[in-house]
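Open your viewer and get ready to click along. Could you show me around this structure, one selection at a time?

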Amino acid sequence: MPAYVYDLSALDEHAASVRWALPDIELYYAVKANPDPELLRVLARHVDGFEVSSGGEHAHVAALFPGMPLALGGPGKTDAELRLPCHRLHVESPGELRRLLATGREADVLLRINPDLPVEGAALTMDGPFGMDEAGVEECLPLFTDQVRLRGLHAHLASGLDADRLLGLAERLLDTDHAEVNLGGGMAVDYAAPDERFDWAGYGAGLAKLRRAGQRVRVEPGRALTAYCGHYVTTVVDVKRVRGQAYAVLLGGTHHLRTPVTKGHDQPFTVLPTGGGPGVTDEPVTLVGQLCTPKDVFARNIVTSVRVGDTVVFAMAGAYAWNISHHDFLMHPHPAFHYV
Ligand SMILES: *Cc1c(COP(=O)(O)O)cnc(C)c1O
């Protein structure tokens, strides 16, 4: 049966090293990358708070960690969401700020900005509806009161950026009179290089140079914190050849691990020779799942040896993996979850 295996001690060590690399920078975890409570419990020992992007995430985290600082963001907040207690509220538009004022609550606000900055080398850029341009910010500024207070700016401009590129953006974003700046997440995770890590030390050192005296700086990574601690483990049920192409058919599929489909990459994996059934040796194999769709592909044409009954361990399955997958398509059983 397929299973997710989370290495909590690896996560603990990794989060500690990230925390250490960012002295005097507030570190929040973006819960949408993976809201698994066991992972959150480990991360809570290292982070200053959590970034939540819905009423559902807010309820989940507030129940697990009463009193932990929460930053509430996300587009299309309802009035009920705008009333949720939080340490910081990230406002996405002048209309949202007016609805926030109309609730009558107190709030400490960061304006989410969508500046016209060139973002190169990103896996995904957050242009389009997110945040506001300069005209939107200008419209918001006179609306603040003693009760709904402007604390600063929030930016989350792209995902998949290396430290140099993120520092290039930070240089522009920190060059402001605002006392507080949240630089967002988006630290690069390279699925083609499972042993590489984002240069947290270089990023921390760079931010220390760029920040203005007294400026409060916060980051909110998701993927780069939890991607590495998750593994999706499954079994080979069939090895076949169709018009010369070798396929290994695995139990489960991308309804459990959607990451390779959404990212369009080959999910890194290791084959453990536990089977001994019929198979192929040292040739390009495409690894597929049990779904009745040609999109159910984990990795294409990777040279490997694989036999029926072997165990396949997919690495880097700890972020945007199980929680973004279409679990119930075809009504196969859900995977098991193990924590080591
Ligand atoms: C998704 C998201 C993050 C986390 O992004 P990662 O690429 O997972 O680091 C941080 N902030 C906001 C506002 C987001 O939407």
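Here is a short tour of charged side chains, made on a predicted model.

**Stop 1: a stretch from the record.** Select residues 10-227. An unreviewed UniProt entry places the feature "domain: Orn/DAP/Arg decarboxylase 2 N-terminal" here. Over this stretch the chain is 35% helix and 18% strand. Mark the C-alpha atoms of residues 10 and 227 too: these ends are 11 Å apart.

**Stop 2: a patch of charge.** Now select D116, D133, E134 and E138, which gather in a patch of negative charge on the surface. Zoom in on D133, in the loop between β7 (124-125) and α6 (134-140). How exposed is D133? The relative accessible area of D133 is 48%, so this residue counts as partly exposed.

**Stop 3: opposite charges that pair.** Side chains of opposite charge can pair when their charged atoms come close. In this model the count comes to 18 salt bridges. Let's visit some of them.

Select R98 and E139, whose side chains meet in a salt bridge at 3.1 Å, N to O. R98 lies in helix α5 (residues 94-103) and E139 in helix α6, so the pair ties together parts that are 41 residues apart in sequence. Show the surface and you will find R98 partly exposed, at 42% relative accessible area, and E139 partly exposed as well, at 38%.

Next, select R212 and D177, which form a salt bridge at 2.8 Å, N to O. Where do the two residues lie? R212 is in the loop between α8 (200-210) and β11 (216-219), and D177 is in the loop between α7 (163-173) and β10 (180-182), so this salt bridge joins parts 35 residues apart in sequence. R212 is partly exposed, with a relative accessible area of 34%, while D177 counts as exposed at 74%.

Then move to R241 and E283, a salt bridge whose closest N and O atoms are 3.0 Å apart. This pair links distant parts of the chain: R241 sits in strand β12 (residues 230-242) and E283 in strand β15 (residues 279-288), 42 residues apart. Is E283 buried or exposed? At 18% relative accessibility, E283 counts as buried, because buried means under 20%. Its partner R241 counts as partly exposed, at 46%.

**Last stop: a network.** Finally, select E26, R88, E180, R216 and R218 together. These residues are linked in a network of salt bridges. Show their side chains as sticks and look for the links.

How values were computed
Residues are numbered from 1 along each chain as its sequence is written. This is a predicted model: local features need pLDDT of at least 70, side-chain atom pairs count only at pLDDT 80 or more; totals for chains, interfaces and linings use all residues. Side-chain values use heavy atoms; hydrogens and water are left out. Patches are made of residues with over 30% relative accessible area and no salt bridge: like charges are joined within 9 Å, nonpolar side chains (Val, Leu, Ile, Met, Phe, Trp, Tyr) within 5 Å. Accessible areas come from the Shrake-Rupley method with a 1.4 Å probe; for residues, only the protein chains shown count as cover. A salt bridge is a side-chain nitrogen of Lys or Arg within 4 Å of a carboxyl oxygen of Asp or Glu. Lys and Arg count as positive and Asp and Glu as negative; His and the chain ends are not counted. The place of a charge is taken as NZ of Lys, CZ of Arg, CG of Asp or CD of Glu. Helices (H or I, at least four residues) and strands (E, at least two) are DSSP runs, numbered from the N terminus. Buried means under 20% relative accessible area, exposed over 50%, partly exposed in between (1.4 Å probe, protein chains only). UniProt positions are given in the numbering used here, feature names are shortened, and annotations may be inferred rather than shown by experiment.
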